[in-house]
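Colleague: I would like a close look at one part of this protein, taken slowly and with the terms spelled out. Please have a look at the model with me before I put my request.

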Amino acid sequence: MKALALFSGGLDSLLAIKLIQEAGVEVEAVNFIQPFLSPEDEKRLVAHLQKLVSQLGVKLHIVRLGEDYLRMLENPKHGYGKAANPCLDCHIFFLRKAGEMMKDLDAAFLVTGEVVGQRPKSQYRGAFPKIDEETGLAGLIVRPLSAGLLPPTIPEEKGWISLSHCPSIQGRQRKIQLELAKKYGLEYQAPAGGCLLTNVEYGRKVKDLLKAEGRLTVDHLRLLRIGRHFRLSPEFKGIIGRNQRENQVLFRYFYQHRREEGLYLVKALGAPGPLTVGFGRPAAEDLNLLARLTLRYSDHAPDQSVTVKILTGGKKHQSTKLIVVKNQNTPDPDRYRIA
Ligand code: SF4
């Protein structure tokens with residue numbers, strides 16, 4: 001008999017796999033990768049996850065989420081948490097995807113590391129039946145860490161497995177998990193960074209993007225991770241690079257999308273300073289404002305007239321120049337900053 005475990009990279013999901021293995025079941029694991037991680041971060045994460053599951057001799061499937069995940073993120077049925085984290089919908093989404101994989105993998109049920117009462121929205125006891133119902137997998141989701149507190153699942157009722165060796169963990173305490181990790185000799189280190197969607201600052205930028213554009217794209221979500229973000233009008237925003245690496249990312253983005261309308265590359269000439277990319281439909285004063293903000297972060301001395309070059313994407317691919325001065329009249333960036 002085989003089961004498919006949702007493996008987040010956390011200690012709880014590692015222990016859940018081990019407990020099901022102890023019940024005599026072969027386990028494979030799946031991790032769902034959010035599509036907006038950078039290729040480097042994704043590579044690091046996958047290597048880390050592989051290292052963790054290799055302790056249990058488990059095959060790991062990596063599934064990179066696609067457009068359907070973004071559509072869920074734009075309009076989660078159960079809403080967001082403190083940031084742009086639609087944890088309940090996201091979790092249901094993962095379970096559904098895993099459910100779709102069961103047939104191909106010949107897995108009889110799913111396993112998760114969920115614990116009763118650990119997270120307010122998705123892991124209170126009453127949430128589990130609702131989650132199971134919404135996924136269409138009622139009775140087939142086994143939660144070994146809280147097994148003693150939950151009604152028996154189909155695999156238990158049918159006698160495929162016994163979970164009598166499993167604990168009855170509830171709440172946020174970690175004591176039992178740490179004892180089990182020690183008992184099973186599992187080395188454990190959480191993946192660096194955590195989920196970006198739970199980051200409040202990132203969440204504000206996601207919500208700003210949704211309000212302005214009405215939809216999310218992988219490219220835009222990736223760009224939200226870098227630079228200083230400014231909303232200059234409901235239809236226009238700018239991202240100003242904070243260092244050479246971010247300037248390179250912004251330049252690459254502009255270059256790759258240079259044939260698209262509504263894209264602007266801004267640079268104050270004559271001294272080191274940031275690259276800026278503008279997105280949307282700016283009025284003339286919005287472009288002027290973006291030029292002045294770009295100049296503000298450059299190394300130019302105050303009170304000089306500086307030429308700021310603006311390349312416009314699209315069929316015309318124009319280049320224009322504005323003369324601006326860095327002085328007391330330069331707008332306060334905090335008025336426009338999305339953070
Ligand atoms: S923390 Fe992130 S990955 Fe996890 S359920 Fe919430 S939104 Fe999804």
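Which helix and strands do the buried residues of H10 pack against?

Modeller: Before I answer, please note that this is a predicted model, in which local features need pLDDT of at least 70, side-chain atom pairs count only at pLDDT 80 or more, and totals for chains, interfaces and linings use all residues. Residues are numbered from 1 along each chain as its sequence is written.

The buried residues of H10 pack against helix H9 (218–223) and against three elements of another kind, strand S7 (236–240), strand S8 (263–268) and strand S9 (275–280); here two residues are in contact if their C-beta atoms, placed from the backbone, lie within 7 Å. Helices (H or I, at least four residues) and strands (E, at least two) are DSSP runs, numbered from the N terminus.

Helix H10 itself covers residues 244–256, and its 13 residues reach 18 Å from the first C-alpha to the last, close to the 18 Å expected at 1.5 Å a residue, where the expected span is 1.5 Å times one less than the number of residues. Its buried residues are Asn 247, Val 249, Leu 250, Tyr 253 and Phe 254. Seen down the axis of H10, these buried residues fall within an arc of 160°, so they line one face of the helix; the arc is that of the directions from the helix axis to the C-beta atoms. An α-helix has 3.6 residues a turn, so residues three or four places apart point the same way. On the other side of H10, Gln 244, Arg 245, Arg 252, Tyr 255 and Gln 256 are exposed. A residue is called buried if 20 or more other C-beta atoms lie within 10 Å of its own, exposed if 12 or fewer, and partly exposed in between, with C-beta atoms placed from the backbone.

As for the wider setting, the protein chain is divided into domain 1 (2–183) and domain 2 (226–335), with bounds that come from an automatic or database domain assignment, and the C-alpha centres of domain 1 and domain 2 lie 44 Å apart.

One further residue may interest you, namely Asp 303, which sits in the loop between helix H11 (284–296) and strand S10 (305–312). Asp 303 has a positive phi of about 65° although it is not a glycine, and Asp 303 counts as exposed because 9 other C-beta atoms lie within 10 Å.
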